[in-house]
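Colleague: Please take a close look at one part of this model for me, and tell me how each term is defined as you go.

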Amino acid sequence: MTIGLTHYLVLSAVLFCIGLYGALTRRNAVIILMCIELMLNAVNISLIAFSSYIVPQLLTGQVFAIFVMVVAAAEVAVGLGIILAIFRHFTNIDIDNINLLKW
Amino acid sequence: MGQAAAFWIMAVVMVLAAFAVIFLRNVFRAALALILCFIAVAGIYITLSADFLAAVQILVYVGAISVLIILAIMMTRGIQKGNPVNKMELPAAIAATLLLGILVYVVTTTPWSISAQTPLTPTTIPLANKLFSENGFILPVEIGAALLLAAILGAIVITRENKK
């Protein structure tokens, strides 16, 4: 059985759903950030799979994957900064206990 | 044949590592599993003949982002009692499974217009031409540079202690 576009897309969907489940259920902010990274990687896999199976000579999907990586790096830097600031303020990074904006 | 074997090995390693990220009790081990998952994703990129992106994946994710995450885990240590879940476990599991089902259904029933051409194999030079040429993606590259600068400044400002 030869590997086709569908295999990569299903793999990407599986990884995305694992990341989604983790991001929705965990209470540790660092774990949530790691799950978001998993989801971004899933999107990158599908972008590159589309790029190499549908427009193999154009590389457009790979360019988009590079931009996704840039945004992911920025997001991780700012997100971990926010987590450290929260930790310093509350001495806790349990998302369920950080509800200042809840009414 | 080699591509199929590599794909299945990388896919199994990747999915197992992703489950380990979620279900391991120890946060530090979850971060190590995340690194393994990133490496497997780089292998997937290689099977898709995206060699430059595989190298970037190793450099950026395995090299930089993992170090940042482990640094954050070290800085917030002492409160890492397991990997607790909130009350949304069952609804989130149902939602994720539903989304997975819908995605798999859509992916398998859509008639993709697969191109017959072979992918470009050394992708570095064509990617550079695409990113930096006049009619390419030079404006998004510049905006990305500004975004990274803003993110660095923001991270410094947020993380710095206020000693007044």
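Modeller: Happy to! Cys17(A) counts as buried, at 6% relative accessibility (buried is under 20% relative accessible area, exposed over 50%, partly exposed in between, with a 1.4 Å probe and protein chains only). This is a predicted model, so local features need pLDDT of at least 70 and side-chain atom pairs pLDDT 80 or more, while totals for chains, interfaces and linings use all residues, and side-chain values use heavy atoms, without hydrogens or water. Residues are numbered from 1 along each chain as its sequence is written, with chains lettered from A and ligands numbered from 1 in the order written.

Searching the whole structure gives zero disulfides over all chains, a disulfide being a pair of cysteine sulfur atoms within 2.5 Å. Cys17(A) is in none, and the nearest cysteine sulfur, in Cys35(A), lies 13 Å away. Cys35(A) also holds the closest cysteine sulfur to that of Cys37(B), but at 10 Å this is too far for a bond. Cys37(B) is buried too, with a relative accessible area of 1%.

As for the surroundings, the largest pocket has a volume of about 220 Å³ (on a 1 Å grid over the protein atoms alone, a pocket is an open set of points where a 1.4 Å probe fits, with protein on both sides within 12 Å along at least five of seven lines; lining residues have an atom within 4 Å of a point; the volume is the space filled by probe spheres set on the points, which are joined across faces, edges and corners). Of its 14 lining residues, those closest to the centre are Ile66(A), Phe67(A), Val70(A), Leu131(B) and Val141(B).
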